[in-house]
Each structure stands twice: as C-alpha cells, then as structure tokens.
Amino acid sequence: MSTTVDNATHVLILQHPQEQDRVLGTARLITETLTQATLTVGLSWRNLGHALKQPAEAKDWGVLYLGSTKAAKEKGPLVALDRKGEPLADQSAARIGLKGLVVLDGNWSQAKALWWRNPWLIRLRRFVVVPDGPSLYGDLRREARPDAVSTLEAVALALAVLESDAAPREKLLAPFRELLAKARAAGIRDGVLAASGQKRLSKRDRRVRR
C-alpha cells in the first residue's frame with residue numbers, strides 16, 4: 001500500500017525559523033507524505049503567492065486559525081469561522097472552491113508571531129481544528145493548551161474533513177507514531193535528550209522537522 005497521499009487540497013506550511021531544527025517536529029513528515037504540500041521557512045512574506053512561490057488567489061485559500069475552539073466544539077472537527085471567531089452558519093458553503101490551506105508551524109508564541117507579521121492571512125478563510133483527543137506527543141512535547149495538537153495532527157484532521165476521506169489522516173499519523181516511538185526509545189523529550197549518554201535519533205529519524 002502506498003504511503004503517500006494524493007491530496008487535492010494543497011497544504012502550505014509557514015514555518016518559524018526557530019522551529020526548523022526540532023527533532024520532534026512534523027513539517028517534513030507532512031511534505032514527505034502529501035503530494036500537494038509546500039514548506040516555506042521565514043517570518044514574513046508579501047502575500048500568499050510569495051509564500052507559496054507560485055500564483056495564488058487569497059479567496060481560494062483558508063488558514064488554520066489560532067483562536068479558541070470553545071465556540072466550535074459542537075460544530076465538528078473542522079469549523080469555518082467569521083472574523084469575530086464565531087462559527088459560520090453554512091459550514092459546507094465555506095469549503096466550496098477551497099484550493100489550499102495555510103498552516104502556521106511553531107510553538108504558540110512563534111505561530112502568533114507569524115500571524116501578526118503576515119497581515120495578508122486575514123484575507124483567507126478561517127478554519128479551526130477541533131481535536132477528537134489529546135495530541136500524540138503526550139509528555140514528549142509540551143503544548144500551550146489542552147486542545148493543542150501538532151501541525152501534522154491538525155493537517156491530518158483538516159484533510160480528512162475537506163476531502164471526505166479518513167485514509168489521508170491515518171497515512172499521516174502512521175509515520176508520526178513511528179517517530180514518537182523512536183524518540184521515547186532514545187530518551188528524547190521535546191527535542192532534547194532526557195539524560196546524558198543516551199542514544200540520539202539517527203540522521204534518518206531526525207529528518208522530520210515540524
């Protein structure tokens with residue numbers, strides 16, 4: 001069975017520079033699994049096309065918003081929001097014609113910095129992911145909020161909804177689970193060795209960066 005996903009919704013990952021070298025990052029796993037995914041590292045870009053490195057219309061794209069999921073919990077795993085952070089009445093209509101999804105990659109403060117440094121993001125359709133469980137990171141990487149998950153987990157859940165197919169989610173989660181298992185075996189915690197002298201992840205295992 002193929003380990004790649006031929007996704008129709010392009011995923012653009014905007015990664016904060018300080019996130020590149022995280023051993024337990026997930027951005028590279030996403031780009032290695034999805035056929036339609038772009039990873040761009042930096043702090044700011046002139047517009048969507050500049051970040052994507054190809055022409056793109058803001059009206060055709062969405063962004064995974066950093067707002068609270070409290071108001072969206074009863075609406076499903078992926079919820080379209082208005083500019084005030086309230087769920088839109090017609091969720092299906094909010095997804096019509098959507099060609100791509102922008103995801104901010106970094107810890108909470110880094111993701112917020114990316115949001116504020118790129119004002120063109122407010123022109124995109126806003127979506128919020130409502131996780132159906134805690135992050136697979138567990139105690140390996142500290143999250144800012146109980147409902148926070150990794151970039152990969154958020155993308156996997158979003159694509160499952162947008163493409164009406166659970167298979168992409170499972171194909172993304174499989175290598176992530178493998179990475180975490182190797183990290184636990186090597187004593188890795190939040191990208192740092194848990195104790196001196198313990199074996200580090202191999203170069204191949206560390207190819208993934210969130």
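**Notebook: a predicted model, loops first and then the sheet**

I began with Ser164, which I found in the loop that connects helix 5 to helix 6. The model I am reading is a predicted one. In it, Ser164 takes a positive phi of about 50° although this residue is not a glycine. I noted this because most residues other than glycine have a negative phi. I then looked up its accessibility: Ser164 counts as exposed because its relative accessibility, 69%, is over the 50% cut-off.

I recorded a second case of this kind at Lys53. Its phi is positive, about 65°, and Lys53 is not a glycine either. Lys53 belongs to the loop between helix 2 (48–52) and strand 3. With a relative accessible area of 59%, Lys53 is exposed.

**Entry: helix 6**

I moved on to helix 6, residues 167–186, and checked its length. At 1.5 Å a residue, its 20 residues should span 28 Å, and the end C-alpha atoms lie 29 Å apart, so the two values agree. I listed the buried residues of helix 6 as Pro168, Leu172, Leu173, Phe176, Leu179, Leu180, Ala183 and Ala186. For the spacing in that list I kept a general point in mind: an α-helix has 3.6 residues a turn, so residues three or four places apart point the same way. Just after helix 6, I found Gly187 with a positive phi of about 80°.

**Entry: the chain overall**

I counted 6 helices and 8 strands in the protein chain. Along the sequence, I read the pattern as β-α-β-α-β-β-α-β-α-β-α-α-β-β. Of the 210 residues in the protein chain, 49% are buried. I also looked up how contacts are distributed: among those between residues at least 6 apart in sequence, 76% join residues at least 24 apart.

**Entry: the sheet**

What is the order of the strands in the open sheet? I traced 6 strands in the order 2-1-5-3-6-4, with mixed pairing. Strand 2 (37–41) and strand 4 (78–81) are the edge strands, each pairing on one side only. From one strand to the next, the twist averages 25°.

I took strand 1 (residues 10–15) next. Strand 1 runs parallel to strand 2, and 5 bridges join the two. Strand 1 is also parallel to strand 5, with 6 bridges between them. For individual residues, I noted that Leu12 has Thr38 of strand 2 as its bridge partner. Ile13 stands opposite Leu39 in strand 2 and opposite Val103 in strand 5. I recorded that strand 1, helix 1 (residues 27–33) and strand 2 form a β-α-β unit, which is right-handed.

At the edge formed by strand 4, I found 4 bridges to strand 6, and these two strands run antiparallel. Leu78 has Val129 of strand 6 as its bridge partner. Leu78 and Ala80 point one way from strand 4, Val79 and Leu81 point the other way, and all are buried.

**Entry: burial of strand 1 and the helices across it**

Is strand 1 enclosed or open to its surroundings? I found 6 of its 6 residues buried, so strand 1 is largely enclosed by the rest of the structure. His10, Leu12 and Leu14 point one way, while Val11, Ile13 and Gln15 point the other way.

I then looked for helices lying over strand 1. Helix 4 (residues 108–117) lies across strand 1, strand 3 (61–64), strand 5 (100–105) and strand 6 (125–129), and runs at about 130° to strand 5. Helix 5 (residues 151–162) lies across strand 1, strand 3, strand 4, strand 5 and strand 6, and runs at about 165° to strand 5.

**Entry: Gln15**

I singled out Gln15, which is in strand 1. Gln15 counts as buried because its relative accessible area is 2%, under the 20% cut-off. Which side chain does the side chain of Gln15 contact? I found a polar contact with the side chain of Asp105, at 2.9 Å.

**Entry: Arg123**

I closed with Arg123, in the loop between helix 4 and strand 6. At 59% relative accessibility, Arg123 counts as exposed. Leaving out residues up to four places away in sequence, I found that Arg123 touches Ala58 and Arg83. I also noted that Arg123 and Gly62 are 61 residues apart along the chain, with their C-alpha atoms separated by 8.7 Å.

How values were computed: Residues are numbered from 1 along each chain as its sequence is written. This is a predicted model: local features need pLDDT of at least 70, side-chain atom pairs count only at pLDDT 80 or more; totals for chains, interfaces and linings use all residues. Side-chain values use heavy atoms; hydrogens and water are left out. Buried means under 20% relative accessible area, exposed over 50%, partly exposed in between (1.4 Å probe, protein chains only). A polar contact is a pair of N or O atoms within 3.5 Å; within protein, one must be able to donate a hydrogen and the other to accept it, and residues adjacent in sequence count only if both atoms are side-chain atoms. Two strands pair if DSSP finds at least two bridges between them. Axes are lines fitted to C-alpha atoms, for helices over the stretch in contact, and angles run from 0 to 180 degrees between N-to-C directions. Contact means heavy atoms within 4.5 Å. The expected span of a helix is 1.5 Å times one less than its number of residues. A crossover is right-handed if, with the strands pointing away from the viewer, the path from the first strand over the helix to the second runs clockwise.
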